[in-house]
Amino acid sequence: LTITIEVSRRFPLVTIATMAINTNDCFVAINGARLRRGMVLDLPGLDAGSEENNENCDSIPGPGCAAVDTNNVRSGNGEGFVHVHRGFFGIGTLLPTDRYDW
């Protein structure tokens, strides 16, 4: 995914937060970054620690689970702290891991 951002002397800092589709609590974020022309950032997916990473569609919003009528129930049992997301392991009802690249 490539995002192009325009900064200026008046507005030199960038803050971005976005949720990763087909996860229950994975996100990517930067806060107050001073970017330069041509700069490329390779940011890790972060786990909010708010839910168990069970990969079950009953707690994952997004197109990968759109065909499953689940009412999107929060799974709970999270780690309780933000950390680098461990990725997908194909343990739940989410699409097979060969559909993802991490």
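## What counts as a strand

A strand here is a DSSP run of at least two residues, labelled E and numbered from the N terminus. With that in hand, Ile-3 is easy to place: it sits in the segment before strand E1, which covers 13–19.

This is a predicted model. The protein has 102 residues, and 30% of them count as buried. As for secondary structure, it has four strands and zero helices. Reading from the N terminus, the elements go β-β-β-β.

## The segment before E1

Let's start ahead of the first strand. Ile-3, Ile-5 and Val-7 make a nonpolar surface patch of about 240 Å². Patch residues must have over 30% relative accessible area; Ile-3 has 56% and is exposed.

Ser-8 is also in the segment before E1. Its relative accessibility is 36%, so Ser-8 counts as partly exposed, a class that lies between the 20% and 50% cut-offs. Ser-8 and Leu-35 are 27 residues apart along the chain, and their C-alpha atoms are separated by 9.9 Å.

## The sheet

How are the four strands ordered? They form an open sheet in the order E1-E2-E3-E4, with antiparallel pairing. E1 and E4 (83–84) are the edge strands; each has a single partner strand, so one side of each has no neighbour in the sheet.

The pairing of E1 with E2 (residues 26–34) is antiparallel and runs over six bridges. Within this pairing, Met-19 has Phe-27 of E2 as its bridge partner, and Ile-16 stands opposite Ile-30 in E2. Moving on through the sheet, E2 and E3 (residues 46–47) run antiparallel and are joined by two bridges. There, Cys-26 has Asp-47 of E3 as its bridge partner.

Back in E1, is Val-14 buried or exposed? Val-14, which lies in strand E1, has a relative accessible area of 6%; that is under the 20% cut-off, so Val-14 is buried. The C-alpha atoms of Val-14 and Ile-30 are separated by 7.5 Å, with the two residues 16 positions apart along the chain. As background, side chains in a regular strand alternate between the two faces of the sheet.

## Two positive phi values

Most residues other than glycine have a negative phi. Two residues in this model are worth a look on that score. One is Asn-22, in the hairpin of E1 and E2, where six residues come between the strands; its phi is positive, near 65°.

The other is Glu-55, a residue other than glycine with a positive phi near 55°. Glu-55 lies in the loop between E3 and E4. The relative accessible area of Glu-55 is 7%, so this residue is buried by the 20% cut-off.

## The cavity

How many cavities of 30 Å³ or more turn up in the whole structure? The search finds one. The largest cavity holds about 70 Å³ of space.

Both of the residues from the previous section, Asn-22 and Glu-55, help to line the largest cavity. Asn-22 is joined in that lining by Thr-23 and Asn-24, while Asn-53 and Asn-54 appear alongside Glu-55. The rest of the lining is made up of Ile-60, His-85, Gly-87 and Phe-88.

## The salt bridge

Side chains of opposite charge can pair when their charged atoms come close. How many salt bridges does the model have, if a side-chain nitrogen of Lys or Arg has to be within 4 Å of a carboxyl oxygen of Asp or Glu? The count comes to one.

Which side chains meet in it? They are those of Glu-79 and Arg-86, at 3.3 Å from N to O. That distance is within the 4 Å cut-off, so the pair counts as a salt bridge. Glu-79 has 27% relative accessibility, so it counts as partly exposed.

Note on methods: Residues numbered from 1 in each chain as written. Predicted model: local features only at pLDDT ≥ 70, side-chain atom pairs only at ≥ 80, totals over all residues. Heavy atoms only, no water. Patch = residues over 30% accessible without salt bridge, like charges linked within 9 Å, V, L, I, M, F, W, Y side chains within 5 Å. Areas by Shrake-Rupley, 256 points an atom, 1.4 Å probe, with all protein chains shown as cover. Buried < 20%, exposed > 50% of the residue type's maximum accessible area, 1.4 Å probe, protein only. Pairing = 2+ DSSP bridges. 1 Å grid on protein atoms, 1.4 Å probe; cavity = no way out; pocket = protein on both sides within 12 Å on 5 of 7 lines; lining within 4 Å. Points joined across faces, edges and corners; volume = space filled by probe spheres on them.
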